[in-house]
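Got the model open in your viewer? Let's take a walk through it, one selection at a time.

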Amino acid sequence: MTTTQRAVLIRAYGSPAEVAEIARPVAGQGQVLVRVRAAGVNGIDWKVRDGLVQQAFPLQLPAVLGIELAGVVEAVGPGASRFRAGDRVMGPLGGLGAYAEFVAVDEVNLVRTPQGLDDVHAAAIPVASVAAWQSLHHAGPIGTGQRILIHGAAGGLGGYAVQYAKRAGAEVFATASAAHLDHVRSLGADHVIDYRAQRFESVARDIDLVLDYVGGEVLERSWQVLKKEGAIVGTSSPDILARTPPGRRGLWFMNKPDTALLERLAAEIAQGTLVSKLGEAVGFADIPAAIERNRTDSRIGKVVADFSR
Ligand SMILES: NC(=O)c1ccc[n+]([C@@H]2O[C@H](COP(=O)([O-])OP(=O)(O)OC[C@H]3O[C@@H](n4cnc5c(N)ncnc54)[C@H](OP(=O)(O)O)[C@@H]3O)[C@@H](O)[C@H]2O)c1
């Protein structure tokens with residue numbers, strides 16, 4: 001029996017991700033061994049690689065990257081009881097290591113992949129769908145008529161957040177590039193702003209909540225459109241805490257696995273009542289290049305590594 005497997009890992013902070021052979025894991029206490037069929041590519045991959053989020057993701061190097069997957073249960077570890085060999089599962093790892101052919105996963109992080117959802121689409125969902133929901137509600141309950149500004153509305157998180165915010169009865173302002181405005185409008189945004197052609201400050205005012213999925217100067221400029229008692233929730237960098245002016249409310253958000261929520265959102269996506277956009281599927285050998293492209297790419301929808309390619 002083969003005891004090694006392919007994985008995408010880094011050997012040092014700042015060094016490029018590479019495909020390498022590593023030992024195949026076994027399922028430990030409360031874990032299942034998943035034969036991975038697809039894994040989502042995320043901005044966190046290169047941020048981890050560059051050592052930008054060392055507190056949240058302390059690494060033992062070399063470290064396999066990848067934070068979410070879909071696949072099939074290959075074996076069940078001691079004390080694990082929720083799944084059987086052959087079950088289709090999806091989920092976040094709550095850590096790193098999804099870019100490997102076999103991954104030992106704490107079973108509490110996984111849900112059954114709903115019928116009607118293939119593995120590539122399933123792998124695009126776990127982190128972004130849940131992070132968008134949690135970040136939308138992070139600053140407090142959303143009320144009807146609240147004015148919410150979503151930066152990065154065409155992205156992985158933004159696409160879901162627009163839909164959730166509309167359902168909650170909010171008035172949604174959304175920034176995106178020109179090519180993505182129709183898509184963002186189709187998700188329900190009331191006001192779409194081409195961030196290259198128009199300053200969002202000239203359209204969005206008296207905002208109750210800013211979801212900042214972009215960071216940098218976008219954060220700086222957002223304080224002036226926010227109501228005095230409003231909040232900005234940032235997902236791109238913890239520097240929001242140091243960059244929040246005195247007396248204002250700036251919150252750093254970190255997503256947490258929530259299987260009940262993921263189960264509900266995945267079922268909705270399978271049924272077609274929630275839109276999840278797949279951008280591109282790449283082969284396993286192309287994962288390192290896809291991680292690099294995530295820094296600069298402008299596309300609608302998520303990039304997913306399809307392990308069958
Ligand atoms: N803290 C957490 O728990 C957590 C969880 C998940 C993700 N994240 C982070 O959250 C951020 C968003 O993640 P994601 O997966 O949604 O990223 P993504 O899919 O790469 O989307 C980013 C979006 O930002 C848009 N954008 C770039 N510059 C912009 C600007 N100046 N104004 C408005 N929009 C702009 C791009 O829009 P166009 O394509 O239209 O140009 C792109 O669609 C990333 O930094 C990611 O690492 C954090």
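## Start between the domains

Both domain 1 (4-127 + 256-306) and domain 2 (139-252) give residues to the shell around the ligand, so the ligand lies between them. Keep in mind as you go that this is a predicted model.

Colour the two domains separately: the protein chain is divided into domain 1 (4-127 + 256-306) and domain 2 (139-252). Their C-alpha centres lie 27 Å apart. As for where they touch, the contact takes 15 residues from domain 1 and ten residues from domain 2.

## Zoom in on the ligand

Now show the ligand and its surroundings. Which residues come nearest to the ligand? Select K47, S177, H180, Y195 and T235: of the 24 residues around the ligand, those come nearest.

Try colouring the shell by residue class. You should get twelve nonpolar, eleven polar and one charged residues.

Next, switch to a cartoon view and pick out helix 1 (43-49), helix 4 (156-167) and strand 10 (171-176), each of which supplies at least two residues of the shell around the ligand. Which element gives the most to that shell? Helix 1 does, with three residues.

Time to get the distance tool out. Select the backbone of these glycines one by one:

- G152: a polar backbone atom here is 3.4 Å from a nitrogen atom of the ligand.
- G155: a polar backbone atom is 3.2 Å from an oxygen atom of the ligand.
- G156: here the distance from a polar backbone atom to an oxygen atom of the ligand is 2.8 Å.

So how much of the ligand does the protein bury? Taken alone, the ligand exposes 930 Å², and the protein buries 82% of that.

## Over to a sheet

Leave the ligand for a moment and select strands 2, 1 and 4. These three strands form an open sheet in the order 2-1-4, with antiparallel pairing. At the edges you'll find strand 2 (18-23) and strand 4 (63-64), each pairing on one side only.

Look closer at strand 1 (residues 4-10) and strand 2: they run antiparallel and six bridges join them. For one pair to click on, take Q5, whose bridge partner in strand 2 is I22.

## Two backbone oddments

Follow the loop between helix 1 and strand 4 until you reach P62. What kind of peptide bond joins L61 and P62? A cis one, with omega at about -5 degrees.

Last stop: D206, in the loop between strand 11 (191-194) and strand 12 (207-212). Check the phi angle of D206, which is near 50 degrees, a positive value in a residue other than glycine.

Notes
Residues are numbered from 1 along each chain as its sequence is written. This is a predicted model: local features need pLDDT of at least 70, side-chain atom pairs count only at pLDDT 80 or more; totals for chains, interfaces and linings use all residues. Side-chain values use heavy atoms; hydrogens and water are left out. A residue is near a molecule or strand if one of its heavy atoms lies within 4 Å of it. A polar contact is a pair of N or O atoms within 3.5 Å; within protein, one must be able to donate a hydrogen and the other to accept it, and residues adjacent in sequence count only if both atoms are side-chain atoms. Accessible areas come from the Shrake-Rupley method with a 1.4 Å probe; for residues, only the protein chains shown count as cover. Helices (H or I, at least four residues) and strands (E, at least two) are DSSP runs, numbered from the N terminus. Ala, Val, Leu, Ile, Met, Phe, Trp, Tyr, Cys and Pro count as nonpolar, Asp, Glu, Lys and Arg as charged, and the others, Gly among them, as polar. Domain bounds come from an automatic or database domain assignment. Two strands pair if DSSP finds at least two bridges between them. Contact means heavy atoms within 4.5 Å.
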